[in-house]
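Here are some notes to read alongside the model. Please keep the sequence and the 3D view open as you go.

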Amino acid sequence: MKGISEAEVSQKLLEVRKKGIGVVIILGADDKGIEMNRVQQKVKSDMVDGVITVKGTHDAHLIHPEQIMPLVDSVLTARET
């Protein structure tokens, strides 16, 4: 966890985008692990195709996948077209 929290994600996002891979961040509004203000400080518009905020905490997608997976599916489908 320490390694993930200290990782330089910004550079990795740019590398992925340069390869033509789309990036959309889905973030829980009540996420205390990766808070929105931290994402806004680190992630700039050239690093991602979008940021979506959803209800829930950091692990809400694990607890209630039926609530988040339709969104994930629609984002992936939209990115394919």
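How many salt bridges does a search of the whole structure find? The search finds 3. The points below come back to each of them. One caution first: this is a predicted model.

1. Overall make-up. The protein has 81 residues. Its secondary structure consists of 5 helices and 2 strands. Along the sequence, these follow the pattern α-α-β-α-β-α-α. The C-alpha trace spans about 35 × 30 × 20 Å along its principal axes.

2. Surface and burial. Of the residues, 21% count as buried. The accessible surface comes to about 6,200 Å². Carbon and sulfur atoms hold 58% of that surface.

3. Contacts along the chain. Consider the contacts with a separation of 6 or more. Residues 24 or more positions apart account for 76% of them. Several of the points below show pairs that are far apart in sequence.

4. The strand pair. Strand 1 covers residues 24-28, and strand 2 covers residues 50-54. They pair in the parallel sense, over 5 bridges. Two positions help to locate the pairing. Ile-26 has Ile-52 in strand 2 as its bridge partner. Val-24 stands opposite Gly-50, also in strand 2.

5. The crossover. How does the chain get from strand 1 to strand 2? It passes through helix 3, residues 36-42. This is a β-α-β crossover, and it is right-handed.

6. Ser-10. Look next at helix 2, residues 9-18, where Ser-10 lies. Is Ser-10 buried or exposed? Its relative accessible area is 11%, so it counts as buried. A polar atom of its side chain lies 3.0 Å from the backbone oxygen of Lys-42. Leaving aside neighbours within four places in sequence, Ser-10 is in contact with Lys-42 and Met-47. Lys-42 thus appears in both descriptions of Ser-10.

7. A salt bridge inside helix 2. Side chains of opposite charge can pair when their charged atoms come close. Glu-15 forms a salt bridge with Lys-12. The closest N and O atoms are 3.9 Å apart. Where do the two residues sit relative to each other? They are 3 residues apart in helix 2, so about one helical turn separates them. Glu-15 is partly exposed, at 35% relative accessibility. Lys-12 is exposed, at 52%.

8. Asp-49 and Arg-17. These two residues form another salt bridge, with the closest N and O atoms 3.7 Å apart. The pair links distant parts of the chain. Asp-49 is in the loop between helix 3 and strand 2, while Arg-17 is in helix 2. They are 32 residues apart. Both ends are partly exposed: Asp-49 has a relative accessible area of 36%, and Arg-17 has one of 28%.

9. Asp-49 and Arg-79. Asp-49 also forms a salt bridge with Arg-79. Here the closest N and O atoms are 3.5 Å apart. What does this pair tie together? Arg-79 lies in helix 5, residues 65-80, and Asp-49 in the loop between helix 3 and strand 2, so the pair ties together parts that are 30 residues apart in sequence. Arg-79 is partly exposed, at 42% relative accessibility.

10. The network. Which residues are linked in a network of salt bridges? They are Arg-17, Asp-49 and Arg-79. Asp-49 has a salt bridge with Arg-17 and another with Arg-79.

11. Asp-46. This residue is placed in the loop between helix 3 and strand 2. At 47% relative accessibility, Asp-46 counts as partly exposed. Which residues does Asp-46 touch, not counting those up to four places away in sequence? It touches Leu-14 and Arg-17. Asp-46 and Leu-13 are 33 residues apart in sequence. In space, their C-alpha atoms are 9.0 Å apart.

12. Where to look again. Start with the loop between helix 3 and strand 2. Asp-46 is placed there, and so is Asp-49. Arg-17 of helix 2 meets both: it is touched by Asp-46 and forms a salt bridge with Asp-49. Then follow Asp-49 across to Arg-79 in helix 5.

Terms used
Residues numbered from 1 in each chain as written. Predicted model: local features only at pLDDT ≥ 70, side-chain atom pairs only at ≥ 80, totals over all residues. Heavy atoms only, no water. Helix = DSSP H or I, 4+ residues; strand = E, 2+ residues; numbered from the N terminus. Buried < 20%, exposed > 50% of the residue type's maximum accessible area, 1.4 Å probe, protein only. Polar contact = N/O pair within 3.5 Å; in protein donor to acceptor, adjacent residues only side chain to side chain. Contact = heavy atoms within 4.5 Å. Pairing = 2+ DSSP bridges. Right-handed = clockwise from strand over helix to strand, strands pointing away. Areas by Shrake-Rupley, 256 points an atom, 1.4 Å probe, with all protein chains shown as cover. Salt bridge = Lys/Arg side-chain N within 4 Å of Asp/Glu carboxyl O.
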